[in-house]
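Colleague: Could you walk me through reading cysteines and surface patches in a model like this one?

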Amino acid sequence: MTNTNDLIAQLSGEAKPQQRSIKPARLALRLLAVLLIYAIGAQAISGLRPDLISKLTDFWYEAEIVSLLFLVLTSAFASIMAMAPDAYQKPALLKLPYVVFAVIVVLVVTQYVTTTHIEYPIIGIETNGLQCALCLAGLAIIPSAIVFAVLKKGASIRPLQAGAFAVFTATGIGCLTLRLAEQTDNMMHLALWHYLPTLCFAMLGAILGKFLLKW
């Protein structure tokens with residue numbers, strides 16, 4: 001019979017060394033680098049609004065663009081954090097995407113309330129709105145797939161949150177692309193056909209996460 005020391009030596013020799021886990025910050029940077037390449041390509045295809053230079057002097061527009069950037073950044077990072085069962089001992093960071101999206105909602109509502117004297121063409125909203133929502137969905141497909149592929153390599157115990165973060169990341173890129181390309185500042189249009197679909201898609205992402213990210 002093999003004695004204990006021989007058995008330990010045999011098992012030690014057969015054990016395969018595990019790869020060192022990548023730090024969440026480094027993994028998030030890699031993910032953001034890939035998403036940046038996609039975003040640049042999507043923006044190149046979509047183009048830029050002709051009045052972009054003058055709009056960048058508008059405080060509200062700048063705040064909205066910066067908030068969308070933060071939505072992408074925080075959602076991507078939260079996705080990485082959600083890969084670990086303990087969220088790398090920083091579960092509070094998982095709340096950041098919700099906070100940023102709430103800020104965007106406040107910005108949109110504030111602009112709408114302070115510009116009620118402007119008459120918006122309801123027919124135009126109905127005509128172009130569905131097209132914007134479909135465009136947003138199309139722009140979000142590839143980055144959503146990329147983030148879900150990364151999440152599958154983790155061991156998340158928060159599949160609902162992780163799925164929502166994945167889609168928040170993707171739709172954040174889509175919203176940012178449309179906001180830089182579409183020449184409209186109609187807050188009702190943006191609320192109904194940009195940000196409401198973003199919330200709905202995030203809820204769909206949570207449902208997908210429940211099935212795609214289960215162990």
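Colleague: Why is C135 not bonded to the closest cysteine sulfur, in C132?

Modeller: A disulfide is a covalent bond between the sulfur atoms of two cysteines. The cut-off here is a pair of cysteine sulfur atoms within 2.5 Å. The sulfur of C135 sits 7.0 Å from that of C132, so the gap is too far for a bond. C175 is in no disulfide either, with the nearest cysteine sulfur, again that of C132, 9.9 Å away. By this rule, the count is 0 disulfides. Mind that this is a predicted model, where local features need pLDDT of at least 70, side-chain atom pairs count only at pLDDT 80 or more, and totals for chains, interfaces and linings use all residues. Side-chain values use heavy atoms, without hydrogens and water, and residues are numbered from 1 along each chain as its sequence is written.

Colleague: Is C175 buried or exposed?

Modeller: Relative accessible area decides: buried is under 20%, exposed over 50%, partly exposed in between (1.4 Å probe, protein chains only). C175 has 2%, so this residue is buried, while C135 is partly exposed at 34%. L69, in helix 4 (residues 59–81), is partly exposed at 41%. The C-alpha atoms of L69 and C175 are 9.8 Å apart, though 106 residues separate them along the chain.

Colleague: Which residues form a nonpolar patch on the surface?

Modeller: L204, I207, L208, F211 and L212 do, with about 470 Å² of accessible area together (Shrake-Rupley method, 1.4 Å probe). Patch residues need over 30% relative accessible area and no salt bridge, with nonpolar side chains joined within 5 Å and like charges within 9 Å. A salt bridge puts a side-chain nitrogen of Lys or Arg within 4 Å of a carboxyl oxygen of Asp or Glu. L204 belongs to helix 8 (residues 187–212), helices being DSSP runs (H or I) of at least four residues.

Note on methods:
Helix = DSSP H or I, 4+ residues; strand = E, 2+ residues; numbered from the N terminus.
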